Amino acid sequence: MSDSIKRIAVIPGDGIGREVIAEALRVLEVLKRRNRWPLEWVSFDWGAEKFLREGVTLPAGALEMFRREFHAILFGALGDPRVPSNQHAVDILLGTRFGVDLYVNPRPVKLLDARLCPLKGCAEREIDMVIFRENTEGAYAGMGGNFKRDTPEEVAVQEDVNTRKGVERIIIHAFEHARRHNLKKLCMCDKSNAMPHGHGLWQRTFAEVRKRYPEVEASHLYVDTLALEMIRNPAQFQVIVTCNLFGDILSDLGAGLVGGLGVTPSANLHPGSVSLFEPVHGSAPNIAGKNLANPLAAILSAGMMLDYLGFPEAAGQIESAVAEAIHLDKTTPDLGGSLGTREVGDWICTRLA
Ligand code: NAD
Ligand code: IPM
Ligand code: MN
């Protein structure tokens with residue numbers, strides 16, 4: 001693999017994943033041409049259609065291929081009502097998160113326009129935080145099983161797996177982020193009052209790691225209280241670090257504070273190695289195929305990807321263009337606008353060109 005060319009694997013996936021990734025790719029094309037950036041991408045048709053047609057979810061050798069041939073993965077969403085087991089999403093998305101060890105899942109929650117916030121009188125500067133979600137273990141580890149399935153005595157066990165290595169590395173990553181960006185407030189969130197074994201490990205690890213970052217004001221909240229505080233006073237948070245399941249839930253709650261799932265991007269990182277970028281939202285079957293999906297979260301995710309690939313100015317330019325589109329109501333109906341997915345993509349492309 002040539003080191004100068006940045007290679008991107010594109011997995012649009014299902015439903016609106018395909019529609020929003022099409023717009024993100026048009027934005028990448030514009031930036032690539034304008035700046036002569038050495039980017040190239042290859043698309044993969046993995047998703048529900050292929051699974052239903054060929055029985056294939058994550059093809060054999062895919063993870064090795066990512067590591068060997070690509071610097072980044074741009075991902076849309078997976079999920080289709082015709083696959084109630086969600087098997088293909090578990091294999092492809094969770095399979096890649098676990099298989100490539102993408103242990104850091106940063107999910108920024110930033111208010112780009114005060115009108116998008118449902119809280120009374122909330123100013124833009126009052127909501128700007130990043131949730132660092134542990135991305136390789138916890139309740140998502142897939143350990144467990146069903147005993148006496150489909151009988152009145154059925155027992156279902158879904159283990160919550162927390163390892164010292166896994167907990168420590170995500171907490172350290174969150175503190176390093178705070179240090180690098182001169183952020184003073186970091187909150188670790190768990191449920192150690194009810195889950196003393198697994199989340200007791202989070203408590204003990206946090207107590208140890210925080211000592212190495214005396215300049216960061218470290219605090220702890222149980223997840224139920226954190227959910228309340230995020231609504232009551234979101235300005236108190238800059239960096240939040242938490243487990244896989246709580247990070248999933250809190251990132252949708254965060255999205256609710258800043259305009260919904262149409263505007264929240266995310267990354268799945270293994271620092272220094274191939275990493276995956278995706279909007280926080282899913283495949284939204286209720287609006288798929290209607291040119292209604294908001295492409296801004298996918299476009300912002302492409303910005304996070306360009307930053308990771310070594311083009312840091314791109315993320316700022318994309319975020320400014322997105323904020324401007326929102327200020328001028330060049331948006332889809334979820335944000336109160338009257339444009340379609342493609343028309344919002346057009347507007348951003350013209351603005352960036
Ligand atoms: P969802 O995120 O797909 O949709 C939730 C709600 O938000 C829906 O009303 C939807 O219309 C709206 N919405 C989401 N993204 C939007 C956008 N870009 N523009 C406008 N509106 C948007 O969550 P869900 O309905 O719970 O799940 C649908 C499917 O997606 C399920 O199969 C689920 O497992 C899957 N899913 C996948 C991912 C992923 O691939 N990363 C993430 C979440 C859900
Ligand atoms: C997300 C999604 C996934 C998750 C699902 C589709 C397994 O909700 O990326 O937020 O829970 O991680
Ligand atoms: Mn989610």
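A polar contact is a pair of N or O atoms within 3.5 Å. The views below show a predicted model.

**View 1. Polar contacts of ligand 1 with N294, S283 and H281**. A nitrogen atom of ligand 1 and a backbone N or O atom of N294 are 2.9 Å apart, a polar contact because the pair lies within 3.5 Å. The backbone is also the partner at S283, where a polar atom is 3.1 Å from an oxygen atom of ligand 1. At H281 the partner is in the side chain: one of its N or O atoms lies 3.3 Å from a nitrogen atom of the ligand. Taken on its own, ligand 1 has 800 Å² of accessible area, of which the protein covers 66%.

**View 2. The shell and pocket of ligand 1**. Ligand 1 is surrounded by 21 residues, and the closest are L78, G282, A284, N286 and N294. By class, this shell holds 11 nonpolar, 8 polar and 2 charged residues. The ligand occupies the space of the second largest pocket.

**View 3. Polar contacts of ligand 2 with Y140, R133 and R107**. An N or O atom in the side chain of Y140 lies 2.6 Å from an oxygen atom of ligand 2. For R133, a side-chain N or O atom is 2.8 Å from an oxygen atom of the ligand. The side chain of R107 places a polar atom 3.0 Å from an oxygen atom of ligand 2. The protein covers 74% of the 320 Å² of accessible area that this ligand has on its own.

**View 4. The shell and pocket of ligand 2**. The residues around ligand 2 are R97, R107, R133, Y140, D248 and V280. This shell divides into 4 charged and 2 nonpolar residues, with no polar ones. The space that ligand 2 takes is the second largest pocket.

**View 5. C117 and C122, without a disulfide**. Across the whole structure, the search finds 0 disulfides. For C117, the nearest cysteine sulfur belongs to C122 and is 4.0 Å away. A disulfide needs the two cysteine sulfur atoms to be within 2.5 Å, so a pair at 4.0 Å does not count. C117 has a relative accessible area of 10% and is therefore buried, the limit being under 20%.

**View 6. C349, a buried cysteine**. The relative accessibility of C349 is 8%, so this residue counts as buried. C349 is also part of a structure in which 0 disulfides are found.

Definitions and conventions
Residues are numbered from 1 along each chain as its sequence is written. Chains are lettered from A and ligands numbered from 1 in the order in which they are written. This is a predicted model: local features need pLDDT of at least 70, side-chain atom pairs count only at pLDDT 80 or more; totals for chains, interfaces and linings use all residues. Side-chain values use heavy atoms; hydrogens and water are left out. Buried means under 20% relative accessible area, exposed over 50%, partly exposed in between (1.4 Å probe, protein chains only). A residue is near a molecule or strand if one of its heavy atoms lies within 4 Å of it. A polar contact is a pair of N or O atoms within 3.5 Å; within protein, one must be able to donate a hydrogen and the other to accept it, and residues adjacent in sequence count only if both atoms are side-chain atoms. Accessible areas come from the Shrake-Rupley method with a 1.4 Å probe; for residues, only the protein chains shown count as cover. On a 1 Å grid over the protein atoms alone, a cavity is a set of points where a 1.4 Å probe fits but cannot get out, and a pocket is an open set with protein on both sides within 12 Å along at least five of seven lines; lining residues have an atom within 4 Å of a point. A molecule sits in a cavity or pocket if more than half of its atoms lie within 2 Å of its grid points. Ala, Val, Leu, Ile, Met, Phe, Trp, Tyr, Cys and Pro count as nonpolar, Asp, Glu, Lys and Arg as charged, and the others, Gly among them, as polar.
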